[in-house]
12 protein chains.
Amino acid sequence: MASRILVVHGPNLNLLGEREPEIYGRATLADYVTHARAIAAPLGMDIEDHQSNHEGELIDLIHNARGRTAGIIINPGAFTHSSWAIHDALAAYEGHVIEVHISNPDAREPWRRTSVVAPVATGSISGLGIHGYEMAVRAMARLLGLTE
Amino acid sequence: MASRILVVHGPNLNLLGEREPEIYGRATLADYVTHARAIAAPLGMDIEDHQSNHEGELIDLIHNARGRTAGIIINPGAFTHSSWAIHDALAAYEGHVIEVHISNPDAREPWRRTSVVAPVATGSISGLGIHGYEMAVRAMARLLGLTE
Amino acid sequence: MASRILVVHGPNLNLLGEREPEIYGRATLADYVTHARAIAAPLGMDIEDHQSNHEGELIDLIHNARGRTAGIIINPGAFTHSSWAIHDALAAYEGHVIEVHISNPDAREPWRRTSVVAPVATGSISGLGIHGYEMAVRAMARLLGLTE
Amino acid sequence: MASRILVVHGPNLNLLGEREPEIYGRATLADYVTHARAIAAPLGMDIEDHQSNHEGELIDLIHNARGRTAGIIINPGAFTHSSWAIHDALAAYEGHVIEVHISNPDAREPWRRTSVVAPVATGSISGLGIHGYEMAVRAMARLLGLTE
Amino acid sequence: MASRILVVHGPNLNLLGEREPEIYGRATLADYVTHARAIAAPLGMDIEDHQSNHEGELIDLIHNARGRTAGIIINPGAFTHSSWAIHDALAAYEGHVIEVHISNPDAREPWRRTSVVAPVATGSISGLGIHGYEMAVRAMARLLGLTE
Amino acid sequence: MASRILVVHGPNLNLLGEREPEIYGRATLADYVTHARAIAAPLGMDIEDHQSNHEGELIDLIHNARGRTAGIIINPGAFTHSSWAIHDALAAYEGHVIEVHISNPDAREPWRRTSVVAPVATGSISGLGIHGYEMAVRAMARLLGLTE
Amino acid sequence: MASRILVVHGPNLNLLGEREPEIYGRATLADYVTHARAIAAPLGMDIEDHQSNHEGELIDLIHNARGRTAGIIINPGAFTHSSWAIHDALAAYEGHVIEVHISNPDAREPWRRTSVVAPVATGSISGLGIHGYEMAVRAMARLLGLTE
Amino acid sequence: MASRILVVHGPNLNLLGEREPEIYGRATLADYVTHARAIAAPLGMDIEDHQSNHEGELIDLIHNARGRTAGIIINPGAFTHSSWAIHDALAAYEGHVIEVHISNPDAREPWRRTSVVAPVATGSISGLGIHGYEMAVRAMARLLGLTE
Amino acid sequence: MASRILVVHGPNLNLLGEREPEIYGRATLADYVTHARAIAAPLGMDIEDHQSNHEGELIDLIHNARGRTAGIIINPGAFTHSSWAIHDALAAYEGHVIEVHISNPDAREPWRRTSVVAPVATGSISGLGIHGYEMAVRAMARLLGLTE
Amino acid sequence: MASRILVVHGPNLNLLGEREPEIYGRATLADYVTHARAIAAPLGMDIEDHQSNHEGELIDLIHNARGRTAGIIINPGAFTHSSWAIHDALAAYEGHVIEVHISNPDAREPWRRTSVVAPVATGSISGLGIHGYEMAVRAMARLLGLTE
Amino acid sequence: MASRILVVHGPNLNLLGEREPEIYGRATLADYVTHARAIAAPLGMDIEDHQSNHEGELIDLIHNARGRTAGIIINPGAFTHSSWAIHDALAAYEGHVIEVHISNPDAREPWRRTSVVAPVATGSISGLGIHGYEMAVRAMARLLGLTE
Amino acid sequence: MASRILVVHGPNLNLLGEREPEIYGRATLADYVTHARAIAAPLGMDIEDHQSNHEGELIDLIHNARGRTAGIIINPGAFTHSSWAIHDALAAYEGHVIEVHISNPDAREPWRRTSVVAPVATGSISGLGIHGYEMAVRAMARLLGLTE
């Protein structure tokens with residue numbers, strides 16, 4: 001049976017493809033998810049995806065993933081830089097967590113350079129656009145010992 | 001013809017497998033390079049690898065990669081946090097740069113949380129151990145438009 | 001046809017008229033909106049107003065205003081000082097944004113002196129109480145080239 | 001007639017008993033509330049309890065308590081350290097506010113050492129586990145002049 | 001009889017229309033004053049205007065306005081960020097003070113984000129170009145209880 | 001046999017009832033101790049109390065409590081904010097430590113917001129006036145497993 | 001022959017007696033100077049006094065005092081906190097310099113707690129109102145070895 | 001009957017005349033006190049003097065002065081920069097407090113530039129050596145309305 | 001026809017040769033100007049020189065140089081470290097600006113290490129005494145394409 | 001005749017051997033002193049030792065050592081990080097001062113990394129446990145030119 | 001005989017003319033050296049030039065220049081901002097040192113605004129491109145008293 | 001067989017005896033090593049010494065000492081304050097590390113007060129000149145359990 005992976009997108013990521021395309025590219029959120037699913041399936045993983053602009057919903061989603069999913073791939077959007085509540089929710093999650101950013105936060109405004117989520121993630125990937133999601137999915141498979 | 005990729009390892013990474021295995025694991029640097037090569041070959045990339053504890057040599061290596069390689073994958077070790085000279089060398093490099101860290105610097109000492117190299121990298125990957133190198137190689141292939 | 005303007009009020013502004021009247025005055029939120037509408041109508045603007053204590057709802061409201069409103073007048077309340085997510089939502093909005101504060105944040109606690117929203121606003125108005133909303137509405141009309 | 005007291009639990013406290021038991025112990029949120037109720041009843045207080053991972057809901061709850069409750073006992077979880085919006089909501093509340101933390105935030109990560117809620121609380125209690133809630137309930141009774 | 005309002009422009013504002021027009025626009029200082037006067041007259045206000053590059057002259061002007069004017073509209077230019085002496089002069093002024101900035105200081109260099117004048121102003125308006133002066137004049141009328 | 005508890009009061013607390021009664025109330029130190037004793041006795045605890053304006057004496061008292069008392073309730077007064085020596089003395093104490101403050105330090109001057117003692121206390125209670133001592137005594141009983 | 005002493009008053013001190021009398025009292029600048037002269041004369045000192053709101057004029061006055069006065073008593077007003085140019089002018093003065101403040105800057109806003117002038121003054125006196133000037137005059141006499 | 005004034009000297013001031021005479025001069029503590037007494041007597045003040053290297057003793061002395069002295073002249077030595085306990089003791093004193101420093105702390109090491117005592121003093125005098133004590137005594141007489 | 005160059009000297013530079021000669025040397029301002037003129041003439045440049053202790057005059061001089069001079073050589077004295085108004089005036093100047101300092105600010109007090117003027121200068125020269133002016137004049141000639 | 005050396009131990013060092021033995025080891029203070037004496041005697045030094053938890057007593061001890069001892073070896077315990085008064089006392093001591101720490105403060109909490117005593121010590125030794133005292137004694141002998 | 005001058009170029013300066021030409025221009029390092037030599041020769045100076053990307057080699061070069069060269073002109077590249085080791089090497093050099101930067105570091109990233117080398121240089125020149133080297137050579141000649 | 005100890009000297013220490021003798025004394029590096037050897041031999045230790053100005057060489061030396069030496073005595077010179085790479089190399093070394101400084105860094109410039117090497121050293125010794133090396137050698141013997 002396929003391992004279930006939660007892919008969570010934080011605030012403003014529903015605008016992917018429309019918002020500041022010179023930074024975020026023209027692929028839509030649907031494109032991202034379709035792409036991640038295509039990578040995940042042959043690796044034996046089943047992706048459950050959600051996007052929310054509400055910090056509380058993201059926390060609920062993470063709680064809900066406990067005991068029923070094998071890993072979380074999260075792009076916390078702007079909550080990356082301030083949400084200790086998401087930090088605490090992820091700290092209480094027993095599986096692997098991979099943080100993904102589409103653009104490279106270190107090459108942008110200073111306030112984007114701090115992640116309060118990173119300390120509770122297994123690893124993080126940034127700046128690789130849609131390829132970052134592929135890499136997160138593949139890395140998750142490796143961490144879970146799955147083989148194609 | 002295969003695309004040439006420079007893989008550079010900074011200070012103390014020659015001790016991989018021996019040094020603090022609870023943080024860095026038991027794979028040696030040779031294991032890392034062998035693994036990266038195995039991933040790279042079918043993707044049409046040829047890896048040139050170097051390790052040095054000398055900041056100046058790392059800069060020379062980056063300069064030397066100009067005009068003759070398609071990308072750089074770099075783990076700058078402790079120079080990550082202070083070497084503006086490596087920053088400047090990478091800024092002068094015309095290809096893609098992917099920064100890799102074996103452990104998750106954000107989950108360790110505070111001084112490991114700042115990368116002066118990241119602002120001039122296309123992207124970065126951390127905390128995924130030896131899988132991080134696989135992902136860096138695959139991501140480089142994607143950035144270069146290579147297909148298996 | 002009248003230009004549609006979104007007027008958004010952030011957390012605790014539903015208590016206007018009740019909460020700390022020595023700072024915020026005795027006019028209620030309804031009074032504010034009625035007043036803004038009375039100014040807007042003869043200037044050819046139609047006001048759509050919302051208040052929410054939920055950061056996520058404010059983001060949704062801003063997203064929803066895309067492509068269908070001519071401008072946003074926003075009083076982000078205490079989110080002014082920390083919500084990079086609202087910052088990102090406004091950055092993705094194509095029209096003019098005017099930030100309004102009823103009291104003068106610079107004359108209060110130090111933490112009220114920083115606005116993370118201001119960098120993505122066209123302009124901001126503070127300390128003028130209910131008159132600040134009149135001025136925001138009039139300024140929006142000027143920015144949109146409307147004439148009475 | 002019993003005085004009504006609002007007991008509010010912030011993000012991740014629904015996981016009490018499951019999450020990091022070495023820090024938070026094995027009692028569940030239901031245990032906490034039952035315990036608080038048992039202490040409150042003979043002191044003439046009636047407890048209304050809520051938990052939410054949504055900052056906006058916490059604000060709504062605090063607003064809703066205005067004019068109908070005699071005091072608030074709040075454990076704001078990770079919102080303790082960043083939510084000026086909850087600060088403003090509590091500042092607009094006319095009764096006593098007691099802040100409670102299960103663990104001792106001063107003995108943990110540096111970012112847990114700052115409370116933006118404390119300046120608008122009458123008092124605060126931390127590090128005493130489930131006993132902290134008993135003490136908060138008893139202290140509230142004292143502040144309200146209630147006698148067993 | 002018309003209420004007298006002092007409009008003061010600080011350093012470099014004599015270059016309006018010539019200096020960095022991509023930031024400050026092409027209207028000259030004379031245009032600004034003419035525009036403000038046109039708004040003020042029907043509202044029953046008489047504008048007295050001055051520009052100076054000398055901090056001392058600005059202080060003298062503010063002192064001189066005591067007891068003889070009903071309000072001050074001030075654009076302190078670069079003195080906004082450092083002149084505690086102007087702060088003290090305005091603090092000693094008994095009428096309303098409105099601070100105006102043509103561009104949005106929060107969207108520019110970090111040092112432009114701090115105003116030492118704001119704490120002693122009734123309110124402030126920024127980023128609205130020449131319209132900001134109209135709004136300042138109108139707001140002053142409101143604060144003075146004048147009606148068209 | 002009753003458990004012995006050391007209650008220690010730091011500098012200036014001998015002035016309780018006389019000093020700034022709008023902050024500290026009108027109860028004297030003797031009132032505080034009498035009140036604490038009245039709560040402690042039925043809970044099976046015997047209170048030994050001391051007040052000193054001398055940091056060294058406070059350290060000596062803490063040392064002297066080693067091996068012969070079951071817990072310490074300490075109000076370190078202004079030493080709260082600077083005495084690493086009291087921190088070290090408490091760290092060397094084997095029993096429970098509860099830190100108490102009569103007023104709410106977080107609602108006062110910034111320098112009162114840092115406690116160097118808190119990291120070595122089991123818990124802390126502040127802002128509850130004389131009730132805070134009752135709560136500290138009761139909490140100590142709970143930590144010691146005493147029942148009325 | 002009497003020793004000549006320059007007494008310099010900085011910005012806003014011309015408003016003494018009118019401005020914020022709860023802080024600065026009701027004595028006017030003329031009262032201050034008359035008082036200082038009355039103290040100085042029997043001690044064999046002749047006071048030359050100036051007030052200016054212009055930093056440049058204050059610098060010119062200090063330069064002009066070189067070689068022809070025995071000491072300077074200066075109240076730099078708000079320039080105290082920022083004028084390195086006055087600092088440099090006083091550093092180039094060969095006689096004694098006494099800095100005087102009417103109110104106690106340490107009991108007011110944080111920015112008033114730093115004096116850039118103090119490092120080049122022989123001494124400073126603050127918080128003593130008009131008596132501070134008497135004390136400055138008497139202290140200057142002592143430094144100059146004058147006897148009544 | 002003469003007004004009683006407490007003159008308190010903090011740590012290391014017993015070494016006056018011996019310690020770093022290039023900074024502190026060659027007059028001994030006895031000389032200082034004799035000089036202060038000589039000034040005080042004809043002004044109708046009686047000086048009670050103490051020196052201690054113990055922070056606790058200084059606090060006891062200040063407490064003991066309550067209700068029985070008309071003012072305190074204090075040179076807190078190195079405690080100036082850190083003793084919030086002395087700050088609190090002086091805050092609880094009902095009379096005038098004048099802080100004196102022999103040398104000019106602003107012209108020495110950075111850590112000498114902050115006084116935690118100053119905010120609770122009426123005024124302060126520094127850098128004037130033994131004359132500073134004369135001026136403190138005279139200023140105290142003025143504050144007490146005494147005349148020679 | 002010779003290119004006109006404005007040479008501006010800021011506060012206290014009128015004291016050159018008299019003030020702190022161990023830092024600034026014994027050459028007077030007149031010597032400096034004569035020397036600069038002697039270098040400039042054969043290079044085809046005509047020097048207009050001004051010194052002022054008034055920030056406002058320096059701004060007026062810079063404004064006045066617009067459209068009629070080919071470059072500005074400025075030694076802003078102590079205004080270097082704080083005058084954003086001079087910064088703005090130079091930013092509005094269309095020609096080249098060279099900042100000169102006689103001594104080496106980086107080898108002196110910390111506050112001399114920051115120049116707010118430097119970001120709007122083409123280049124800067126410091127620590128070379130009177131030779132610095134020669135070099136500034138020669139460099140200006142090079143920037144203007146003048147040849148001897 | 002033997003040179004007299006003062007060995008001073010600060011707060012909490014009386015607990016050596018009992019307190020946190022995993023950090024400080026199991027040797028008692030008496031062991032430390034006996035060991036130091038055994039090293040000192042053949043080198044011609046006579047050790048006078050004191051321990052105190054009172055900052056004031058430590059200052060008195062240092063004063064008392066003036067003129068009658070050849071050197072001081074001091075372990076200031078937690079006063080290391082805050083006592084400018086001990087700093088001043090040591091600065092007034094004419095002989096050599098060696099600071100000793102049993103553990104390595106740089107490998108512990110951040111606040112232990114700053115020594116306010118170090119700037120007035122000849123040298124310091126840390127992290128070497130009881131051997132550190134031997135080394136301090138031997139180094140003192142070398143500084144005093146003593147030979148075994 | 002010509003005075004020997006060491007001209008040292010730090011990391012990445014070997015890329016001059018190729019790297020970021022919009023910042024550094026199109027002249028190569030060879031062009032720079034040829035130009036400096038052409039200026040130096042008629043002034044009686046003989047230039048020895050070196051470039052290295054190795055901090056250690058730069059230190060060796062500076063050491064090697066001791067006792068055999070009359071001055072050093074150094075562009076430390078990115079080591080400017082961090083190399084205290086180069087700082088120490090230059091501090092041990094007995095001749096004049098002039099620091100040169102091609103671009104204006106104050107107009108670039110914040111981290112380029114601090115030079116740890118400047119405090120041990122006689123002077124520095126920046127922002128003048130290749131002319132900066134001419135000026136450094138000419139200034140060195142002046143400092144050495146050489147005449148054309 | 002003698003225990004092998006690596007003694008490493010960092011940048012600029014090859015200049016000992018020549019460079020700033022008022023700080024570092026007149027003994028040369030050879031004198032230091034000879035002295036250390038003379039102390040080490042009778043204690044059963046054999047010293048291998050190296051000096052390098054190259055950070056990379058120092059790292060190589062530390063790596064090379066792994067598994068073949070019993071301890072490292074290191075004076076990292078200016079790399080003390082910035083080299084996290086040397087920190088990491090020492091962290092990977094299994095034996096004891098003693099850090100030595102000839103002068104007292106705490107009595108010099110602020111940047112010399114931070115050691116990034118200290119957290120991974122067993123202990124450190126500073127300010128004792130050539131005696132510091134003797135003490136480091138003796139302490140190493142003690143840590144290794146060697147007896148004369």
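Biologist: Glad you could join me! What does the rule find in polar contact across the interface of chain L and chain K?

Modeller: In this predicted model, eight residue pairs, both residues of each at pLDDT 80 or more, are in polar contact between chain L and chain K. By class, the side of chain L that touches chain K has five nonpolar, four polar and six charged residues.

Biologist: Why is the link between L:Glu18 and K:Arg66 called a salt bridge?

Modeller: The closest N and O atoms of L:Glu18 and K:Arg66 are 2.9 Å apart. The cut-off is 4 Å between a side-chain nitrogen of Lys or Arg and a carboxyl oxygen of Asp or Glu, so the pair qualifies. The count between chain L and chain K is two salt bridges.

Biologist: Let's turn to chain B and chain A. How many residues of each are in contact?

Modeller: The contact involves 23 residues of chain B and 23 residues of chain A. Together these chains bury about 2000 Å², with 55% of it on carbon and sulfur atoms. On the chain B side, B:Leu128, B:Met135 and B:Arg142 lose the most area to chain A, together 26% of what that side buries.

Biologist: What makes B:Glu134 and A:Arg142 a salt bridge?

Modeller: Their closest N and O atoms lie 2.6 Å apart. That falls within 4 Å, and the residue types are right, so the name applies here too. Chain B and chain A have a count of two salt bridges, and 10 residue pairs in polar contact, both at pLDDT 80 or more.

Biologist: Which elements of chain B each supply at least two residues of the side that touches chain A?

Modeller: Strand 5 (123-126) and helix 5 (130-143) do. Helix 5 of chain B gives the most, with seven residues. The whole side divides into 10 nonpolar, eight polar and five charged residues.

Biologist: How do you know that strand 5 of chain A and strand 5 of chain B pair?

Modeller: Three bridges join the two strands, which run antiparallel. Pairing asks for at least two bridges, so the strands pass. As one example, A:Ser124 has B:Ser126 as its bridge partner.

Biologist: Last one: why does the radius of gyration of chain A agree with a compact globule?

Modeller: Because a compact globule of 148 residues would have a radius of gyration near 15 Å, and chain A has 14 Å. The C-alpha trace of chain A spans about 40 × 30 × 20 Å along its principal axes. Chain A holds five helices and five strands, in the order β-α-α-β-α-β-α-β-β-α from the N terminus.

Technical notes. Residues numbered from 1 in each chain as written. Chains lettered and ligands numbered in written order. Predicted model: local features only at pLDDT ≥ 70, side-chain atom pairs only at ≥ 80, totals over all residues. Heavy atoms only, no water. Contact = heavy atoms within 4.5 Å. Buried area = accessible area lost by both parts, 1.4 Å probe. Polar contact = N/O pair within 3.5 Å; in protein donor to acceptor, adjacent residues only side chain to side chain. Helix = DSSP H or I, 4+ residues; strand = E, 2+ residues; numbered from the N terminus. Nonpolar A, V, L, I, M, F, W, Y, C, P; charged D, E, K, R; others polar. Rg over C-alpha atoms; globule rule 2.2 N^0.38 Å.
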